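The following exercises ask the student to read a structure step by step. Each task is followed by a worked solution.

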Protein chains: 2
Amino acid sequence: MRIGELAKRAGTTTRALRFYESQGLLEAQRTSNGYREYDDHDLRLVREIQSLQAVGLSLEDTRPFVACLRAGHESGDSCPDSREVYRRKLAEVDACLDRLTAVREFLLARLAFQDPCLVADPKEFQCS
Amino acid sequence: MRIGELAKRAGTTTRALRFYESQGLLEAQRTSNGYREYDDHDLRLVREIQSLQAVGLSLEDTRPFVACLRAGHESGDSCPDSREVYRRKLAEVDACLDRLTAVREFLLARLAFQDPCLVADPKEFQCS
DNA sequence: CTAAACCTTGACGCGCGCGTCAAGGCAAGG
DNA sequence: CCTTGCCTTGACGCGCGCGTCAAGGTTTAG
C-alpha cells in the first residue's frame with residue numbers, strides 16, 4: 001500500500017508518517033517512480049507508535065518498542081529496553097501525580113480560604 | 001529600583017521582567033535616561049506571578065490576579081476573575097489526575113504481565 | 001581616559017510533533 | 001487534451017516562556 005492508504009488505515013496523516021521516517025522510526029520500500037510502499041507489518045509498527053504516544057510516551061521513547069517488533073518479537077514491550085522505558089515513565093507519572101495532588105490541595109485551600117467571606121468580617125474580605 | 005535589582009530580589013531575570021511588560025502584566029516608570037524604575041509594589045506583583053506560575057498557571061491566567069492587586073486588594077485571589085481561574089485550573093488538574101492514574105495502571109499492568117494484552121482504543125493522555 | 005557594569009530595543013532559538021503551504025511529478029478517467 | 005487525485009521534497013509555522021546574542025547608550029570606579 002502507499003502512504004495515503006497507510007495513513008487512512010492507521011487513522012493518521014501522511015505528514016506524520018513521513019515525520020516518523022525522518023526520525024528513523026519507519027522505513028519504506030520505494031517503487032520505480034519514487035513512491036513509498038508499505039505492508040501490514042509497517043501498519044503494525046505505526047499502531048504501536050500510536051498506542052505508546054497515547055500513553056504519553058515521546059516518539060524517542062517508542063524507538064525501543066519499534067526495534068523490538070522489527071527484531072521479530074510478538075509484542076513491542078517484550079524487550080528489556082522497552083520495559084526500561086515503561087519503568088522510567090512510571091516513575092515520571094508517579095512524580096507528576098504527587099505534584100498535581102499538591103497543586104490540587106493548594107487550589108482547594110485557596111478557594112476555601114475566601115469562601116467563608118460571608119461569615120468573616122466583610123471589611124477584610126471583599127466578595128464582589 | 002532598576003530592572004536588575006528587581007530581578008535579583010525576585011529571583012528571576014531581567015529578560016523575564018521585560019517579557020512580562022511586553023505581555024502587559026508589569027508596567028514601569030521610566031527615568032530620564034530611559035531606564036525602567038520599579039518599587040516594592042512591583043516586586044509584589046512579580047512574586048504573585050511567580051507563585052502562580054509555580055502552581056502551573058499560564059502567564060495569561062495570572063492576569064486577573066495582577067489586576068486584582070492593582071485594584072488595591074490585599075491578595076490577588078480575592079477577585080471573582082481570579083477565583084474563576086482557580087476553579088478552571090482545579091477542573092483541569094482533576095482531569096489530569098484521572099488520565100495519569102489510568103496511564104499508571106496501564107504501565108503497571110504492562111510491567112506485571114510478561115505476556116501483555118492488546119491496548120484499548122487510543123485516547124488522549126496529555127498531561128502537563 | 002578607559003574599562004566594567006549597568007541599561008536599551010530587536011530579533012532569532014528552543015523543544016516536539018507534526019500542520020500547512022509551495023512547487024512540482026505521476027497515473028488514470030473523460 | 002485537461003482535470004483530478006495521488007505522490008515527491010523542502011521549508012516555514014505554532015505554542016510558551018523565556019534564553020541568548022547583537023549592537024548600541026549610560027553610569028560609575030579607578
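**Exercise 1.** Determine where A:Tyr35 is found and whether A:Tyr35 is buried or exposed.

*Solution.* The model is a predicted one.
Step 1. Locate the residue: A:Tyr35 is found in the loop of chain A between β1 (29–30) and β2 (36–37).
Step 2. Count the surroundings: 12 other C-beta atoms lie within 10 Å of A:Tyr35. A residue is exposed if this count is 12 or fewer. A:Tyr35 is therefore exposed.
Step 3. List the contacts: leaving out residues up to four places away in sequence, A:Tyr35 touches A:Arg2 and A:Arg30.
Step 4. Compare sequence with space: A:Tyr35 and A:Arg2 stand 33 residues apart in sequence, yet their C-alpha atoms are 7.1 Å apart.

**Exercise 2.** Assign A:Cys68 and B:Leu111 to their helices, and decide for each residue whether it is buried, partly exposed or exposed.

*Solution.*
Step 1. A:Cys68 has its place in helix α4 of chain A, whereas B:Leu111 lies in helix α5 of chain B.
Step 2. For A:Cys68 the count is 21 other C-beta atoms within 10 Å. The cut-off for a buried residue is 20 or more, so A:Cys68 is buried.
Step 3. For B:Leu111 the count is 15 other C-beta atoms within 10 Å, so B:Leu111 is partly exposed.
Step 4. With residues up to four places away in sequence set aside, A:Cys68 touches A:His73, A:Gly76, A:Ser78, A:Cys79 and A:Ser82. Under the corresponding condition, B:Leu111 touches A:Arg83, A:Tyr86 and A:Arg87.
Step 5. A:Cys68 and A:Ala28 are 40 residues apart along the chain, and 18 Å separates their C-alpha atoms.

**Exercise 3.** Describe the secondary structure of chain A, and state what the UniProt record places at residues 1–68.

*Solution.*
Step 1. Chain A contains five helices and two strands.
Step 2. Read from the N terminus, the order of the elements is α-α-β-β-α-α-α.
Step 3. Chain A has 128 residues, of which 25% are buried.
Step 4. Among the contacts in chain A with a separation of 6 or more, 37% join residues 24 or more positions apart.
Step 5. According to an unreviewed UniProt entry, residues 1–68 of chain A carry the feature "domain: HTH merR-type". Over residues 1–68, chain A is 62% helix and 6% strand, with 23 Å between the end C-alpha atoms.

**Exercise 4.** Identify the residues of the largest nonpolar core that touch the most other members, and the helices that supply this core.

*Solution.*
Step 1. The largest nonpolar core has 45 residues, and A:Ile49 and B:Ile49 touch the most other members.
Step 2. At least two residues of this core come from each of these helices: α2 (14–22), α3 (40–54), α4 (59–70) and α5 (80–113) of chain A, and α2 (14–22), α3 (40–54), α4 (59–70) and α5 (80–112) of chain B.
Step 3. The most is given by α5(B), with eight residues.
Step 4. Setting aside neighbours within four places in sequence, the contacts of A:Ile49 are A:Tyr20, A:Leu25, A:Thr62 and A:Val66.

**Exercise 5.** State how chains A and B touch, and why the two copies can be described by a two-fold rotation axis.

*Solution.*
Step 1. The contact involves 27 residues of chain B and 26 residues of chain A. On the side of chain B that touches chain A, 17 residues are nonpolar, three are polar and seven are charged.
Step 2. Chain B superposes on chain A, with an RMSD of 0.1 Å, after a rotation of 180° and 0.0 Å of shift along the axis. The two copies are therefore related as by a two-fold rotation axis.
Step 3. The same surface serves both copies, since 70% of the contact residues of chain B recur in chain A.

**Exercise 6.** State which residues come nearest to DNA strand C and which are closest to DNA strand D.

*Solution.*
Step 1. There are 18 residues around DNA strand C, and those that come nearest are A:Arg15, A:Ala16, A:Ser58, B:Gly4 and B:Arg36. Two or more residues each are given by α2 and α4 of chain A and by α1 (3–10) and α2 of chain B.
Step 2. DNA strand D is surrounded by 18 residues, the closest being A:Arg2, A:Gly4, A:Arg36, B:Ala16 and B:Ser58. Here α1 (3–10) and α2 of chain A, with α2 and α4 of chain B, each supply at least two residues.
Step 3. By class, the surface near DNA strand C has five nonpolar, seven polar and six charged residues. The surface near DNA strand D likewise divides into five nonpolar, seven polar and six charged residues.

Note on methods: Residues numbered from 1 in each chain as written. Chains lettered and ligands numbered in written order. Predicted model: local features only at pLDDT ≥ 70, side-chain atom pairs only at ≥ 80, totals over all residues. Core = buried A, V, L, I, M, F, W, Y, C linked by C-beta atoms within 7 Å. Helix = DSSP H or I, 4+ residues; strand = E, 2+ residues; numbered from the N terminus. Contact = placed C-beta atoms within 7 Å. Nonpolar A, V, L, I, M, F, W, Y, C, P; charged D, E, K, R; others polar. Near = placed C-beta within 6 Å. UniProt positions renumbered as here; feature names shortened; annotations may be inferred. Least-squares fit on C-alpha atoms with pLDDT ≥ 70 in both.
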